[in-house]
Amino acid sequence: MIPKQTIKELVNLRSEAKLAAETFSEAVAAQAEKHNVNKGALKKYVSALEADKVGKLDEETAAILEMIERETQ
């Protein structure tokens, strides 16, 4: 059985992670509004930077733009 103290520590970590996620979302929303950029796009970009996956995001964005262009022709 997992010790109660370990469970308590895990619950605390989960709580801290949730709070950090909320703080991040609020900060992204504030900066997106301040700089007049799309909130979702900013969040994806920052997340890609953090995960060192900007190249993958660039490829996905190019593919989406291509599909949009085909649809609007």
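This report covers the helices, one salt bridge, a nonpolar patch and a buried leucine in a predicted model.

## Basis

The model is predicted: local features need pLDDT of at least 70, side-chain atom pairs count only at pLDDT 80 or more, and totals for chains, interfaces and linings use all residues. Residues are numbered from 1 along each chain as its sequence is written, and side-chain values use heavy atoms, with hydrogens and water left out.

## Helices α1 and α2

Helices here are DSSP runs of H or I, at least four residues, numbered from the N terminus. Helix α1 covers residues 4-35. Its 32 residues should span 46 Å at 1.5 Å a residue, and the end C-alpha atoms of α1 are 46 Å apart, which agrees. The expected span is 1.5 Å times one less than the number of residues. Just after α1, Asn-36 has a positive phi of about 55 degrees.

Helix α2 takes in residues 39-50. For its 12 residues the expected span is 16 Å; the end C-alpha atoms of α2 lie 17 Å apart, which agrees. At the start of α2, a side-chain oxygen of Asn-38 comes within 2.9 Å of the backbone nitrogen of Gly-40. Asp-52 follows α2 and also has a positive phi, near 55 degrees.

## Salt bridge in α3

The structure holds one salt bridge (a side-chain nitrogen of Lys or Arg within 4 Å of a carboxyl oxygen of Asp or Glu). Its partners are Glu-66 and Arg-70, with the closest N and O atoms 2.3 Å apart. Both sit in helix α3 (residues 54-72), and because they are four residues apart, about one helical turn separates them.

Glu-66 is partly exposed at 38% relative accessibility. Arg-70 is exposed at 58%. Buried means under 20% relative accessible area, exposed over 50%, and partly exposed in between (1.4 Å probe, protein chains only).

## Nonpolar patch

Ile-2, Ile-7, Leu-10, Val-11 and Leu-13 make a nonpolar surface patch of about 460 Å². Patch residues have over 30% relative accessible area and no salt bridge; nonpolar side chains (Val, Leu, Ile, Met, Phe, Trp, Tyr) are joined within 5 Å, like charges within 9 Å. Accessible areas come from the Shrake-Rupley method with a 1.4 Å probe; for residues, only the protein chains shown count as cover. Ile-7 lies in α1 and is partly exposed at 39%.

## Leu-57

Leu-57 is in α3. It is buried, at 19% relative accessible area. Leaving aside neighbours within four places in sequence, Leu-57 contacts Lys-44, Tyr-45 and Ala-48 (heavy atoms within 4.5 Å). Ala-30 is 27 residues from Leu-57 in sequence and 23 Å away in space, C-alpha to C-alpha.

Methods. Helix = DSSP H or I, 4+ residues; strand = E, 2+ residues; numbered from the N terminus. Polar contact = N/O pair within 3.5 Å; in protein donor to acceptor, adjacent residues only side chain to side chain.
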